[in-house]
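Thanks, everyone, for making time this morning. I would like to walk you slowly through one structure that is new to most of us, so please have a look at it on the screen before I begin.

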Amino acid sequence: MTWTQITGTISALPARRGEEPGTYLWIDAGDLGEQVVAELFLPAVPADSLDCALGVAIGTVRSYGDDRTGEVRLEFGRVRDGRGVVSARGSGVDSDIVFALSHHPPDGGYCPHCGSELALEVVKVITPPDGGVIGMPAGRCTRCGS
Ligand SMILES: [Zn+2]
């Protein structure tokens with residue numbers, strides 16, 4: 001696997017696996033041919049404290065058309081003002097990612113009924129024994145209640 005430097009978006013939400021707090025990350029970076037799309041659970045690091053954070057995340061990485069599950073070592077650099085950089089090394093990825101940071105799920109986090117911003121709950125995370133990660137973001141609309 002060749003090292004790449006790519007640009008994209010990371011969505012980071014507060015998450016919990018059982019009693020273990022952390023951050024759920026959706027990564028979408030790179031152009032066709034070197035695209036990396038990943039869903040990862042990063043234990044112990046709060047979603048609002050990614051600046052210079054270090055950790056080993058677990059999850060699914062799709063790169064070069066391959067889906068892989070396993071561990072990814074994340075080394076964040078400066079993360080502030082909605083932008084940041086992270087080195088991701090591990091299962092299916094060896095990249096420095098320059099990213100725009102979002103605190104919404106990739107599908108937007110807006111109410112499908114009235115379009116208001118959803119009040120997001122902590123993402124419930126399951127890591128099945130056969131690998132990968134399942135994150136269930138849940139939100140509630142404070143305007144129309146759906
Ligand atoms: Zn609504």
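Let me start at a single pair of residues, where Arg62 has Asp67 in β5 as its bridge partner. I should say at once that what you are looking at is a predicted model, so please take everything that follows as computed from that model.

Arg62 belongs to strand β4, which covers residues 54-63 and runs antiparallel to strand β5, residues 66-80, with 10 bridges joining the two. Further along this pairing, Ile58 has Glu71 in β5 as its bridge partner. The two strands form a hairpin with two residues between them, and in that turn Tyr64 has a positive phi of about 50°.

If we now follow β5 onward, we come to strand β6, residues 83-90, which pairs with β5 in the antiparallel sense over seven bridges. Within that pairing, Val72 has Gly90 in β6 as its bridge partner. Here again there is a hairpin, formed by β5 and β6 with two residues between them, and the turn residue Asp81 has a positive phi of about 55°.

On β4 there is another pairing to mention, since strand β3, residues 36-43, pairs with β4 in the antiparallel sense over six bridges. In this pairing Ala38 stands opposite Val61 of β4. As a general reminder while you look at these strands, side chains in a regular strand alternate between the two faces of the sheet.

Let me turn now to the metal. Which residues coordinate the zinc ion? They are Cys111, Cys114, Cys141 and Cys144, each through its SG atom, at 2.3 Å. In sequence, these donor residues follow the spacing C-x2-C-x26-C-x2-C. Cys111, in the loop between β7 (93-102) and β8 (118-120), and Cys144, in the segment after β11 (139-141), are 33 residues apart, so that this pair links distant parts of the chain.

Why is the arrangement around the zinc ion called tetrahedral? The reason is that the four donor atoms subtend angles of 100 to 118° around the ion.

Finally, are Cys111 and Cys144 buried or partly exposed? Cys111 counts as buried because its relative accessibility is 4%, whereas Cys144, at 39% relative accessibility, counts as partly exposed.

Conventions: Residues numbered from 1 in each chain as written. Predicted model: local features only at pLDDT ≥ 70, side-chain atom pairs only at ≥ 80, totals over all residues. Heavy atoms only, no water. Donors = N, O, S within 2.8 Å, 3.2 Å for Na, K, Ca; no water. Tetrahedral: all angles 85-135°; square planar, octahedral: opposite > 155°, others 65-115°. Helix = DSSP H or I, 4+ residues; strand = E, 2+ residues; numbered from the N terminus. Buried < 20%, exposed > 50% of the residue type's maximum accessible area, 1.4 Å probe, protein only. Pairing = 2+ DSSP bridges.
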